[in-house]
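Q: Got a minute to go through the strands with me? Here is the model.

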Amino acid sequence: MCFGSSKDKDIFDADAPRPSYNQPQQPSSSAVPPKASMPPSAPQQYQKPQQQYQQPAELSAPPPVELSADNDFAPPPGPPPSHTRPTSNQGLASNNPFRNSNSDFAPPPGPPPSHRPQNDDFAPPPGPPPAHRTGAEEFAPPPGPPPSHRAGADDFAPPPGPPPSHQSRADDLSYVAPPPGPPPSHSKQDDYAQPPPGPPPSHGEKKPEHDWQTLVPDTALFPPPPSFFSGFDRSPATNATEVEAEHGEQWCRDHPLTAPIHLDHQALEALNTHNIRLMEPTTGFRGSLTWRAPGIWSAKTDSRSLDSCIIGYPPMYSVTQHSPLASPSGKKTIYYEVFVKKDGNHGDVCLALGYTALPYPSFRMPGWHRGSLAVHGDDGHKFINDRWGGKSFTEPFKRGERYGIGMTFTAANVRVEVDIFFTRQGREIGRWNLHEEGDSEQDLPVTGLEGFHDLSCAIGTYTGVDFDIIFDPNNWLYRPDGY
């Protein structure tokens with residue numbers, strides 16, 4: 001259903017009428033005010049109220065609206081339905097399409113809470129908020145400092161006065177306080193931990209530095225170190241056959257070393273006058289031995305001569321006469337020299353100088369079997385019970401030069417130290433100790449050479465060589481200690 005016409009459009013577009021709170025109060029009556037008469041041909045209209053809403057000084061029930069004939073479409077008295085509480089007269093129809101007669105959500109009378117005066121029900125309580133209150137309020141902190149800052153008789157308060165470690169009273173017996181005076185390490189009493197008085201040695205007078213150069217000799221003066229693993233399987237010059245080597249080993253097994261002998265009067269006289277006799281080999285030797293004077297022999301072999309060993313008698317070292325363990329001096333040295341003559345032969349000098357314990361196979365060179373040692377002239381190697389290639393020692397021999405070999409026996413408690421030395425042209429060119437370290441897999445024992453067996457000179461020859469053997473010390477170019 002449509003009310004009004006197009007000419008009444010402005011009427012409905014206007015603001016809704018508001019009640020006037022300045023109208024005079026009407027007496028309360030139970031009668032319903034009469035309605036204004038409406039023309040029969042005109043639609044119902046609402047006229048805009050002439051007075052604006054003014055906030056009353058005090059909230060009170062709005063006065064009823066008085067209707068007149070000029071205000072045919074005036075709203076019913078009282079606030080709009082949405083601003084009123086539901087009453088018992090809820091059966092009346094309303095011209096407001098948005099009004100719900102059963103609405104329970106009408107706002108309370110009066111302005112919104114934010115526009116209410118200070119004495120409104122929803123106004124904050126007077127005074128500052130609880131957090132800013134001062135005085136004896138419910139949430140105010142108790143008077144005085146907090147418990148942790150109290151200085152009274154609090155259960156957890158520290159005792160009065162400074163801590164025990166800072167107390168300086170003489171009558172303080174607190175176990176926490178350290179005893180008076182410096183710590184024991186700083187006391188002047190004799191304490192094993194106390195450093196000696198005065199500055200440390202590094203801060204005192206500068207002492208002369210240790211002169212190690214005067215105490216440690218020049219290592220260049222030391223003899224050369226022993227040659228480890230320097231053994232040769234074969235000589236670079238001449239070599240005997242394996243059959244001959246096995247023959248010599250078998251001979252040594254058949255003829256073990258003899259015990260020291262007691263020399264008779266003639267042997268002792270020959271030994272003391274250095275008049276050593278030489279024994280010519282019986283097998284393989286092709287040459288001659290000639291006694292020229294006491295202590296001097298000449299020998300010559302031809303090119304057909306085989307390996308041979310010339311041995312002297314009496315032994316140059318006799319255990320019964322020269323043992324350093326029984327000698328007052330505790331030392332004994334034996335020595336002899338050989339002069340290799342120039343014979344026009346320019347080949348190797350196949351001559352060996354050494355010593356051997358008795359007996360020894362005369363068909364083998366000295367140094368190849370047990371109880372013997374020698375220096376070979378064809379390659380300059382030293383041989384100590386070595387039937388292979390020997391060890392490097394010196395240069396090969398040369399014709400026209402003189403060579404000498406000696407042994408020194410020195411007492412060392414219950415054992416004897418043995419040193420071997422070698423000379424060339426009257427000058428010592430090398431020595432070694434009999435018990436020097438060697439190769440346990442290649443080196444054989446030195447039994448027979450340790451000073452507990454008699455030792456004779458042993459001169460080995462092979463092919464042609466012409467030489468002199470000198471036992472007389474007066475004809476030596478080198479004079480060792482003890483002569």
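Q: Strand S5, residues 331-340: mostly covered or not, and how many of its residues are buried?
A: Mostly covered: 7 of the 10 residues in S5 are buried. Buried means under 20% relative accessible area, exposed over 50%, partly exposed in between (1.4 Å probe, protein chains only). Strands are DSSP runs of E, at least two residues, numbered from the N terminus.

Q: What should I know about the source?
A: This is a predicted model: local features need pLDDT of at least 70, side-chain atom pairs count only at pLDDT 80 or more, and totals for chains, interfaces and linings use all residues. Residues are numbered from 1 along each chain as its sequence is written, and side-chain values use heavy atoms, without hydrogens and water.

Q: Which strands pair with S5?
A: S10 (residues 402-412) does, antiparallel, over 9 bridges. Lys331 stands opposite Thr410 there. S14 (residues 465-470) also pairs antiparallel with S5, over 4 bridges. In S14, Phe467 is the bridge partner of Val340. Two strands pair if DSSP finds at least two bridges between them.

Q: What is the strand order in that sheet?
A: S2-S3-S14-S5-S10-S11-S12, an open sheet of 7 strands with antiparallel pairing.

Q: Why do S2 and S12 each have one side without a neighbour?
A: S2 (287-293) and S12 (427-433) are at the edges with a single partner strand each, so one side of each has no neighbour in the sheet.

Q: What joins S2 to S3?
A: 6 bridges, with the two strands antiparallel. Gly287 is opposite Thr301 in S3.
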